[in-house]
Amino acid sequence: HWRLGVGLTSVNLKGESFLTETDYDRRTRQDFRRSFAPGIDSRHDIINITPTGSSWQVPVMLSYRIGLGSGWSLIPSAGLNLSLSNREEIGFAYLRGPGKIEPVTIVRKSSQQMLHAGSAAIYLEKNWGDWALQIGPYGSTPLSTTTSRLNNKTAGAAARLYYQIDWKKKR
């Protein structure tokens, strides 16, 4: 049985913190000052870097349900995660002089098209009447090369609980 699924997902990233810009540059292999603080004099040390990000996405998945018996199914899926809104925030401070610390927050909003991703998953599903529980691994990969904390390959596991509407029964 083929299935088309559409949803709404919120992604919130609270990643690692970096003590200095040198720490950031070494661990991420990116030049922090060039990317986020080009106007700050190189004589001022940059410290306490804390990047975060959030995104709202609409996942559109095409799946095929393979019945295994006794209410169990295997469901391979493939699709797209379409971005609705994206926001990255970089907090840091720089030393202006002895005892003078200047806090800075930079907010970046990327265009939605830049952060769309392709995704794939395979779920094991158990059905109880109109309710279904799915568990399984998933992965996604960006469809663009935009540099962003929100534009990375991801993989993990998910558990989802659904209430299924059978339109044929409702007529």
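**Entry 1: Arg33**

I looked up the contacts of Arg33 in this predicted model. Leaving aside neighbours within four places in sequence, I found Arg33 in contact with Glu21, Pro38, Ile40, Asp41, Ser42, His44 and Ile46. Arg33 lies in helix α2. Is Arg33 buried or exposed? Its relative accessibility is 13%, so I count Arg33 as buried; the cut-off for buried is under 20%. I then checked its side chain for a polar partner. The side chain of Arg33 makes a polar contact with the side chain of Glu21, at 2.5 Å.

**Entry 2: helix α1**

Glu21 led me to α1, which spans residues 21–28. Which residues of α1 are buried? I noted Glu21, Asp23 and Tyr24. Seen down the axis of α1, the buried residues fall within an arc of 155 degrees, so they line one face of the helix. I turned to the face directed away from that buried side and found the exposed residues Thr22 and Arg26 there. What covers the buried residues of α1? I listed β3 (18–20), α2 (32–36) and β4 (46–64) among the covering elements. Just after α1, I read a positive phi of about 60 degrees at Arg29.

**Entry 3: the nonpolar core**

I searched next for the largest nonpolar core. Eleven residues make it up: Phe18, Tyr24, Phe32, Phe36, Ala37, Ile40, Ile46, Ile49, Ile90, Phe92 and Tyr94. Elements giving two or more residues to this core are α2, β4 and β6. β6 gives the most, with three residues. Nonpolar side chains tend to be buried together in soluble globular proteins.

I picked Ile49 from the core and listed its contacts. Not counting residues up to four places away in sequence, Ile49 touches Ser17, Phe18, Thr20, Glu21, Tyr24, Phe32, Ile90, Gly91 and Phe92. Glu21 is thus on the contact lists of both Arg33 and Ile49.

**Entry 4: strands β6, β8 and β9**

I followed β6 (residues 72–97) to its pairing with β8 (residues 117–128). How many bridges join β6 and β8, and in which sense do they pair? I found ten bridges, in the antiparallel sense. Gly79 stands opposite Ser119 in β8.

On to β9 (residues 131–142): ten bridges join β8 to β9, and the two run antiparallel. Here Ser119 stands opposite Ser140 in β9. I also noted that β8 and β9 form a hairpin with two residues between them. In the turn, Gly129 has a positive phi of about 65 degrees.

Note on methods:
Residues are numbered from 1 along each chain as its sequence is written. This is a predicted model: local features need pLDDT of at least 70, side-chain atom pairs count only at pLDDT 80 or more; totals for chains, interfaces and linings use all residues. Side-chain values use heavy atoms; hydrogens and water are left out. Buried means under 20% relative accessible area, exposed over 50%, partly exposed in between (1.4 Å probe, protein chains only). Helices (H or I, at least four residues) and strands (E, at least two) are DSSP runs, numbered from the N terminus. The arc is that of the directions from the helix axis to the C-beta atoms. Contact means heavy atoms within 4.5 Å. A polar contact is a pair of N or O atoms within 3.5 Å; within protein, one must be able to donate a hydrogen and the other to accept it, and residues adjacent in sequence count only if both atoms are side-chain atoms. Two strands pair if DSSP finds at least two bridges between them. A nonpolar core is a set of buried Ala, Val, Leu, Ile, Met, Phe, Trp, Tyr and Cys residues joined through side-chain atoms within 4.5 Å.
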